[in-house]
Amino acid sequence: MFNSPTFENSLFFRLKQILSFLTVIKLLGVALAAVTLWTCFNDKFYIIRNVTFETNQYARMHDLAVHSGLAISTFLALLGIITLIGIVKESELLLSLVLICFALLFCGVVQLAYWKSTYKQVVEEAAKDVYDFLYADYMRNVSHPSKQDLINIHSTFSCCGKNSKFSYYTVVENETCLPHHEPQKDCLQSIENHIADNMAIIGVLTILLGVVTVYGMILTAFFCFAACLIQIWNKKGKYTLAKKC
């Protein structure tokens, strides 16, 4: 039954699919690494992350996101390499390992999706708390080093001060806003918008990663099943594609 040409043709078709799939994994890993490095070195994130005070929760969240992104992109690269070796060697053990890795990756994607939906507002509030701290600190002491941090934030985000019923045009705006900045452009809103845009990109990558993970589990499960069929696997290295007339 399993020696039939139909099954072998199905095996060749799945082989072509998984080779194309490895390219997708590679591109997704590169995209994830690029977004992570952009987040790490982007001026807007970098300035907020480097503001030093004891309750700066954003710095810890920023570092966790960067390390997690780099870990997942590295994991994808290793997973692609192991999958390729498993196919070339026709190794049941390696393909079983790949299937387990895809299952673990799927659990990580579910956790990432949960974190994004649950902690999005927490990250935004943590970033805005940094600005609020600098603003209040400079109000208490105009000679404090907070002035330079405020100038950097105003310059990077092209904003000036806060617009709320609890805030008014003060010495902070007079001393730290550059002449070309818009007095009515709320810095808190600018920070929130920037983080929301980055979260949207992460959301798209999470969906793609979830689709790739599920598809990868299906393909590797098929090859693990094929590897268990000794009648087929004994033909190791002897597969040839039939020529079309």
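**Disulfides and nonpolar cores**

Cys 177 is buried (under 20% relative accessible area, with over 50% called exposed and values in between partly exposed; 1.4 Å probe, protein chains only), with a relative accessible area of 14%. The model is predicted, so local features need pLDDT of at least 70 and side-chain atom pairs count only at pLDDT 80 or more, whereas totals for chains, interfaces and linings use all residues. Residues are numbered from 1 along each chain as its sequence is written, and side-chain values use heavy atoms, leaving out hydrogens and water.

The structure holds two disulfides, a disulfide being a pair of cysteine sulfur atoms within 2.5 Å. In one of them, Cys 177 is joined to Cys 160, S to S 2.0 Å. The S-S torsion of Cys 160 and Cys 177 is about 105°, so this disulfide is right-handed. Cys 160 is also buried, at 2% relative accessibility. Cys 159 and Cys 187 form a disulfide too, with sulfur atoms 2.1 Å apart. Here the torsion is about 100°, so the disulfide of Cys 159 and Cys 187 is right-handed. Numbered in sequence order, the bonded cysteines pair 1-4, 2-3.

Turning to the interior, the largest nonpolar core (buried Ala, Val, Leu, Ile, Met, Phe, Trp, Tyr and Cys residues joined through side-chain atoms within 4.5 Å) has 25 residues, and Ile 48 and Tyr 58 are among those with the most contacts inside it. Helix 4 (92–140) is one of the helices that each supply at least two residues of this core; helices are DSSP runs of H or I, at least four residues, numbered from the N terminus. The largest share, eight residues, comes from helix 4.
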